[in-house]
Amino acid sequence: MADVEGLKREAGVTACSFVRSGMKLGLGTGSTVKYTIIEIGRMISEDGIEVVGVPTSESTRELAESLGIPLMSISEAGSLDLTIDGADEFDPKFSLIKGGGGALTREKEVALISDSMIVVADDRKKVPVLGEFDLPIEVDPELWSAVSDAIRSSSGVGSSLRGGTESPYVTDNGGFILDCKFGPTIVDPANLEAHILSIDGVVQVGLFVGLCDAVVMSTGSGVQTIINPAGRLP
Ligand code: 5RP
């Protein structure tokens, strides 16, 4: 059996070859990019690089602080050179589902102000069509049921409130998460993203379209860096 943790570590660390001293970096959230953040901490303390990070979650903030990575807020940063983050799925056009860790809103804010975005993943995340992974939507806690109804009536898709109605999961922004069961049917993620964002009560949706420039993907036989030919990397 493949060592999943080892695959995550390989992808996370390999992506650090894109990191240069002087960069302002978006620091993603999750169990793969954790290894990127740990390696950046090592590059600061052992190699002497100087970078500043913008964390996409409180857990990433705590990890980065523990490693001595200088941090700033998204508004202080204004723009970023590079974001490195995980994904729950990526398709052949480098569109992503994100938000399995609940940090999709800040993750998208950070990705949107970055000159480029690199995803770290193992090959289980590579799919022909997005949607097998339930699509996370961050919603206003007052309106989660109305949003769920709107998605069912417009798309015929059911959703579940993350954590359940008794003890819903609460994001770092105070929102709730609906996990929507589209199945592997999301052939036009840009259109679906625009539709979901138009529903009253939606804060953000975990579809990332036109943002990912490369995927550093670990496999049982090594790491591949797959560059998006339509992306922004030279
Ligand atoms: C958090 C995310 C994560 O990047 C995504 O869930 C992948 O995480 P992992 O590397 O732990 O599988 O979108 O909101």
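**Close-up 1. S114 sits in the loop between α5 (104-112) and β6.** This is a predicted model, and the first stop is a serine that is buried, with just 4% relative accessible area. Its side chain reaches back to the backbone oxygen of V110, at 2.9 Å. Setting aside residues up to four places away in sequence, S114 touches L80, L82, T83 and R232. Keep an eye on R232, which turns up again in the next view.

**Close-up 2. D213, in the loop between β11 (207-208) and β12, has a polar side-chain atom 2.7 Å from the backbone nitrogen of R232.** Is D213 buried or exposed? D213 is buried, at 2% relative accessibility. Beyond four places in sequence, the residues that D213 touches include D115, S116 and M117. The list for D213 also takes in I226, I227 and N228, as well as G231, R232 and L233. R232 is thus shared between views: S114 touches R232, and D213 does too.

**Close-up 3. The largest nonpolar core holds 23 residues, and V19, L25, I40, V51 and I84 touch the most other members.** Which elements give two or more residues to this core? They are β1 (24-27), α2 (33-47), β3 (82-85), β6 (117-122) and β12 (214-219). The largest share comes from α2, with five residues. As a bit of background, nonpolar side chains in soluble globular proteins tend to be buried together. Zoom in on V51 and you'll find contacts, beyond four places in sequence, with V19, R20, S21, G22, M23, L25, I40, I44 and P70. Another core lies apart from this one; that core has 21 residues, among them C180, F182, L192 and V202.

**Close-up 4. C16 and C212 are both buried, but their sulfurs are 16 Å apart.** C16 has a relative accessible area of 4%, and C212 comes in at 2%. Why is there no bond for C16? The closest cysteine sulfur to that of C16 is in C212, and 16 Å is too far for a bond. Look from the other end and the story repeats: for C212, the closest cysteine sulfur is in C16, again at 16 Å and too far. With a cut-off of 2.5 Å between sulfur atoms, the disulfide count for the model comes to zero.

**Close-up 5. There are 17 residues around the ligand, and S31, T32, D88, G99 and K125 come nearest.** D88 puts a polar side-chain atom 2.6 Å from an oxygen atom of the ligand. The backbone joins in as well: a polar backbone atom of G101 is 3.3 Å from a ligand oxygen, and a backbone N or O atom of A103 lies 3.0 Å from a ligand oxygen. How much of the ligand's accessible area does the protein cover? On its own the ligand has 380 Å² of accessible area, and the protein covers 91% of that.

**Close-up 6. F94 has a positive phi, near 65°, in a residue other than glycine.** You'll find F94 in the loop between β4 (89-90) and β5 (96-97). Loop or not, F94 is buried, with a relative accessible area of 8%.

**Close-up 7. Q204, in strand β10 (residues 202-205), makes a 2.9 Å side-chain polar contact with K108.** Q204 is buried, with a relative accessible area of 13%. Which residues more than four places away in sequence is Q204 in contact with? They are L104, T105, K108, I137, E138 and L197. For a sense of distance, Q204 and V13 are 29 Å apart, C-alpha to C-alpha, and 191 residues apart in sequence.

**Close-up 8. V187 lies in the loop between β9 (176-180) and α7 (189-197).** Here the side view is of an exposed residue: V187 has a relative accessible area of 70%. V187 and L130 are 57 residues apart in sequence, yet their C-alpha atoms are 7.1 Å apart in space.

Conventions: Residues are numbered from 1 along each chain as its sequence is written. This is a predicted model: local features need pLDDT of at least 70, side-chain atom pairs count only at pLDDT 80 or more; totals for chains, interfaces and linings use all residues. Side-chain values use heavy atoms; hydrogens and water are left out. A nonpolar core is a set of buried Ala, Val, Leu, Ile, Met, Phe, Trp, Tyr and Cys residues joined through side-chain atoms within 4.5 Å. Buried means under 20% relative accessible area, exposed over 50%, partly exposed in between (1.4 Å probe, protein chains only). Helices (H or I, at least four residues) and strands (E, at least two) are DSSP runs, numbered from the N terminus. Contact means heavy atoms within 4.5 Å. A residue is near a molecule or strand if one of its heavy atoms lies within 4 Å of it. A polar contact is a pair of N or O atoms within 3.5 Å; within protein, one must be able to donate a hydrogen and the other to accept it, and residues adjacent in sequence count only if both atoms are side-chain atoms. Accessible areas come from the Shrake-Rupley method with a 1.4 Å probe; for residues, only the protein chains shown count as cover.
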